[in-house]
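Me: I'm new to reading helical structures. Please take me through this one, one question at a time.

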Amino acid sequence: MTTPLSSPAEATSAPAGTPSARVGRRFIAAYMLGQLGLWAALLTPVTVSISLKISQIAPDTKAAGLSAVLSIGALLSMITTPIWGNLSDRTTSRFGRRRPWLAGGVLAGTAGLAVIALAGNVTLVAVGWGIAQMGFNASQAALNALLPDNVPEEQRGRVSGMVGFTSKVGTLIGTGLVALAGSGVAPMLLLPALFGIIMIGILVAVMPDRPADPSRLAPFRLTDLARSLWVNPFAHRDFGWAWAGRFLLYIGYAFFLTFQAYVITDHLGYSDAEAPDLIFYGTLAATAGGLFTAILGGRLSDHLQRRKIFVGVSAAVMGVGLLIIGLSASYAHFLVGGTVVGLGMGTYLAVDMALVARVLPNPDNAAKDLGVFQIANSLPQSLAPLIAPLFLSIGGGDQNYPAAFVAGTVFALLGALATAPIRGVR
């Protein structure tokens, strides 16, 4: 149980269990590559490939089909990620406690994408995406834990800044591979996954890792798997508020990820064939702005020893970007909105993970607790497609994208406000 911090001196001291030795460039580079590869494999299908696959096999019900597939995958991710994290924390393999999950997860996730590539109906797409989500999130649970496992407090803003925006760069690489793949959906799905396997392989080969110490592990019970899904937000209030902020922001962001392809085609009038290239250009613009703010924001956060103001302001900036996208009347406006989202996301991802690493309930259970935090990422992917039709149907029909993105803006702003009550981090 964490003790509330009440003074600046206490707020800047590192909690027990925090690594003290600074990490070098080799670890940081390998960590970045692993993050790049996994995000390319995981987010590219959400961004473009699955929507195009469903558009091919069920064109008349594509929006409903996409919502169902992504909701099922996100639900499975939400349930299994903390469980994988708990098991990773307890792994006593001679290969370490993170390596087996990193390698096994990315291979299982790729197998799920292969099922989607071969699917002839939406049901099989949902099965494949469920397998992919569970596999890739096993890797993600172990990958997230490498920050509190290895990086001392004074480096976390900088390292988070360098790796935090890899989700956007990874998506950019993935959408670039999709553009190179031409019209074939199978290579659109599998080329980013192959990139992910290679990058995770590099990380596994060079990263420090150690098995869990059996003497520090309580006897394992099946009920521990259910407890993997829970951190008491009243006993660990700072963690609870950090979770709530990420959850609210990512509902708004999930609107963007889920429906950007249909905004381009249904709202702005471009064809399905043009969508991959246009999404790639939009991701490129967002990434260019976000890379700058990620590195700058992470360094400034370390220098000033402040996290909350960076997280709150960047979440609000993302909300403004979502509003611009929702009100866009042309692809140029869409690009501007996506760039603003990228500017906010750069600093947000750079600093928020450093904030979360500071408020973890127990450093020895980092992967499990970060798995619970990962629910704040995955649950919105399940809820947003279910909530969005309430706004898409305003005024009749099912394509009121401006109303949906205005709602996304409100969620993002609420996420920004949720950082204010956090007391243990400045």
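**Helices and core**

Me: Is the crossing of H11 and H13 left-handed or right-handed?
Reply: This is a predicted model: local features need pLDDT of at least 70, side-chain atom pairs count only at pLDDT 80 or more, and totals for chains, interfaces and linings use all residues. Residues are numbered from 1 along each chain as its sequence is written, and side-chain values use heavy atoms, leaving out hydrogens and water. Helices here are DSSP runs of H or I, at least four residues, numbered from the N terminus. In a right-handed crossing the near helix is turned clockwise from the far one by less than a right angle, in a left-handed one anticlockwise; H11 and H13 cross in the way called right-handed.

Me: How do the residues of the contact of H11 with H13 divide?
Reply: Contact means heavy atoms within 4.5 Å. H11 contributes glycines including Gly282, Gly289 and Gly297, and H13 brings Gly338, Gly342 and Gly346 among others. Gly counts as polar here; Asp, Glu, Lys and Arg are charged, and Ala, Val, Leu, Ile, Met, Phe, Trp, Tyr, Cys and Pro nonpolar. The split is ten nonpolar, twelve polar and no charged.

Me: How far apart are the axes of H11 and H13?
Reply: H11 spans residues 275-304 and H13 spans residues 331-358. They pack at an angle of about 30 degrees, and the distance between their axes is 6 Å.

Me: Are H10 and H13 roughly parallel or roughly antiparallel?
Reply: Their axes come within 12 Å and cross at roughly 150 degrees. Under 35 degrees counts as roughly parallel, over 145 as roughly antiparallel. H10 and H13 are therefore roughly antiparallel.

Me: How many charged residues are in the contact of H10 with H13?
Reply: Arg246 of H10 and Asp352 of H13 take part in this contact. The residues divide into 16 nonpolar, two polar and, for charged, two.

Me: Which helix gives the largest share of the largest nonpolar core?
Reply: That core has 109 residues, and Ile50, Trp129 and Tyr348 have the most contacts inside it. Such a core joins buried Ala, Val, Leu, Ile, Met, Phe, Trp, Tyr and Cys through side-chain atoms within 4.5 Å. The largest share is 17 residues, from residues 237-267, helix H10.

Me: Is Ser139 buried or exposed?
Reply: Ser139 lies in helix H5, residues 122-150. Beyond its neighbours within four places in sequence, Ser139 touches Leu38, Trp101, Leu102, Gly105 and Val106. Buried means under 20% relative accessible area, exposed over 50% (1.4 Å probe, protein chains only). With a relative accessible area of 0%, Ser139 is buried.

Note on methods:
Axes fitted to C-alpha atoms, helices over the stretch in contact; angles between N-to-C directions. Helix = DSSP H or I, 4+ residues; strand = E, 2+ residues; numbered from the N terminus. Parallel < 35°, antiparallel > 145°, perpendicular 65-115°, else oblique.
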